[in-house]
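Visitor: Hi, I have a structure open and would like someone to walk me through it. Could we look at it together?

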Amino acid sequence: MALYEKTASELSELLGKKEISAVELAKDVFARTKAVEDKVQGYVTVAEEAALAQAEAVDKKRASGEELSALAGIPIAIKDNICTKGTLTTCASKMLYNFKPPYNATVIEKLTAADAVITGKANMDEFAMGSSCENSAAHPTHNPHNLDRVPGGSSGGSAAVVAAGEAPLALGSDTGGSIRQPASFCGVVGLKPTYGAVSRYGLIAFASSLDQIGPFGRSIEDAAMLLDAVTGHDPLHDSTSVKTPFEGSLRANLNADIKGLKIGLPKEYFGEGISDAVRKNVMAAAEAYKALGAEVFEISLPLVEYALPIYYILSSAEASSNLARFDGVKYGYRTPNAGDDITELYTKSRSEGFGAEVQRRIMLGTYVLSSGYYDAYYKKARAAQRKIREEFANAFEKCDVILTPVAPTTAYEIGSKTTNPLEMYAGDICTVSVNIAGLPGLVQPCGFDENHMPVGMQLIGPRFGEQTLLNAGLAFEQASGLKNIIAAL
């Protein structure tokens, strides 16, 4: 088995025993990238030279007897909206085509301290707005399991490079399902942490009250290992971050014994629009949990039917505010056709620099925040958000975790939904409520459809219930054998 085919946990063990070197591992992963990247197109920027220098430094530390972290020498891809000092961070947008941040995001500082090896910046939907990784100014990313299909979005590049063997781990961001839906489409593990569990400093904002950075891996243990490294309170830079009860201990406390675990199946997530393949595989997972000793029963979350409009009102409103800073003046794209007219400079720079989907959401957000419509839309959406949070809190008084589909279907063909934004938005129906409520959500493979495309299942937990989610995920992973799924390509 080639090194790129192993999980991050297996690679960490080999590195710790000095059976392989970090440079050897990095070269193997980049050889795989060179072999398949033209097909997958999962990266915006490949940082081979810098990564090999990091790997060499790790090997020197290990040779000198330094005590190193579990991530030391492990290659990790980074979504292109997470700031990396001196390396292009474009948000897959023409607007930031030349932006090299003068600072690192907090998660990058943590990974650097852990001696991880950063392989490059993964492709995404522009400014994280999209569900297919087609809204990129760079290029669309292809699903490694079928190159004619989308990898999901907006963190499609991160999921695709993990599924293709181009990196064993990756970081993404999740505003309404942007880690979980690509994880499902690409057959990998993805975890959206509790809001506040990971610092957002250096994450270029889409919707600040919903955004959260999280890990991709090819096993539950891998996801736990990466989340351990990046979680934690960041009082200096992010006032919304908090100290978590599991601070750095998720991997160490993994336990697949889930006897007595109470799992709720919300009937609203299994209704009209969910494909037979998705329903069949998720329900089979529920039966597997019963066989493992868990108690599985139906629950009701009637308010989730309003989650989609709530999400698009709130996220677009925040996007219109957050993206106002990109005006063609301070950094990034500036139109060459404005003359001396400042209004024309703003208008043309934003019209030329932003893609169609970003412009669509900015306009929607500006509309719902305008004086005539703030009370009718934005204020009501905030009130409804509180109701959904209460509904989930009540549900968790009866169950420990909630099991749902991730998306109504498996990965669809590239180009099949680009002309119908509303149809693409509807694909987020199973994921957006988790962000609205600020809860953690874990996605992992649970089977395949008739075309052998991966099907994922979603486990939702209460605030800071990551350990319970990972333990439940590990139990299913061990029972099903569904882990480390790499596309043949």
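Guide: Happy to; what follows is a chat about salt bridges, nonpolar residues and some backbone details. One thing to keep in mind is that this is a predicted model.

Visitor: Good to know. How many salt bridges are found in the whole structure?

Guide: A search turns up 15 salt bridges. One of them pairs glutamate 221 with arginine 251, with their closest N and O atoms 3.0 Å apart. That pair links distant parts of the chain, 30 residues apart. Glutamate 221 sits in helix α7 (residues 220–230), while arginine 251 is in the loop between α7 and β7 (262–266).

Visitor: Are glutamate 221 and arginine 251 buried or exposed?

Guide: In between. Glutamate 221 has 30% relative accessibility and counts as partly exposed. Arginine 251 is partly exposed too, at 25%.

Visitor: And which residue forms a salt bridge with aspartate 276?

Guide: That would be arginine 279, with the closest N and O atoms 3.7 Å apart. Because they are three residues apart in helix α8 (residues 276–291), about one helical turn separates them. Aspartate 276 is exposed, with a relative accessible area of 65%, whereas arginine 279 is partly exposed at 26%.

Visitor: What about lysine 348, which side chain does it meet?

Guide: Lysine 348 meets glutamate 344 in a salt bridge, at 2.8 Å from N to O. Both lie in helix α10 (residues 342–353), four residues apart, or about one turn of the helix. There is also a network: Glu357, Arg360 and Arg361 are joined by salt bridges that share partners.

Visitor: Switching topics: which residues form a nonpolar patch on the surface?

Guide: Leu364, Tyr367, Tyr373 and Tyr377 do, and together they have about 350 Å² of accessible area. Tyrosine 367 belongs to helix α11 (residues 356–369) and is partly exposed, at 37% relative accessibility.

Visitor: Now the inside. Which residues touch the most other members of the largest nonpolar core?

Guide: Leu71, Phe127, Tyr289 and Phe392, in a core of 125 residues. Helix α9 (residues 307–322) supplies the largest share of this core, nine residues. A second, separate core has 15 residues, including Ala77, Ala159, Cys186 and Val406.

Visitor: What does phenylalanine 127 touch?

Guide: Leaving aside residues up to four places away in sequence, its contacts include Cys91, Met95, Ile204, Phe206, Leu323 and Phe354.

Visitor: What is the phi of cysteine 91?

Guide: Near 55°, a positive value in a residue other than glycine. Cysteine 91 is in the loop between β2 (75–79) and α4 (106–113). With 0% relative accessibility, cysteine 91 counts as buried.

Visitor: Why point out a positive phi?

Guide: Because most residues other than glycine have a negative phi. Histidine 452 has a positive value as well, near 60°. Histidine 452 is placed in the loop between β10 (441–448) and β11 (454–460), and is exposed, with a relative accessible area of 53%.

Visitor: Last one: where is the cis peptide bond?

Guide: Look at glycine 153 and serine 154, which are joined by a cis bond with omega about 5°. Serine 154 lies in the loop between β3 (117–122) and α5 (156–163). In general, most peptide bonds are trans.

Definitions and conventions
Residues are numbered from 1 along each chain as its sequence is written. This is a predicted model: local features need pLDDT of at least 70, side-chain atom pairs count only at pLDDT 80 or more; totals for chains, interfaces and linings use all residues. Side-chain values use heavy atoms; hydrogens and water are left out. A salt bridge is a side-chain nitrogen of Lys or Arg within 4 Å of a carboxyl oxygen of Asp or Glu. Helices (H or I, at least four residues) and strands (E, at least two) are DSSP runs, numbered from the N terminus. Buried means under 20% relative accessible area, exposed over 50%, partly exposed in between (1.4 Å probe, protein chains only). Patches are made of residues with over 30% relative accessible area and no salt bridge: like charges are joined within 9 Å, nonpolar side chains (Val, Leu, Ile, Met, Phe, Trp, Tyr) within 5 Å. Accessible areas come from the Shrake-Rupley method with a 1.4 Å probe; for residues, only the protein chains shown count as cover. A nonpolar core is a set of buried Ala, Val, Leu, Ile, Met, Phe, Trp, Tyr and Cys residues joined through side-chain atoms within 4.5 Å. Contact means heavy atoms within 4.5 Å.
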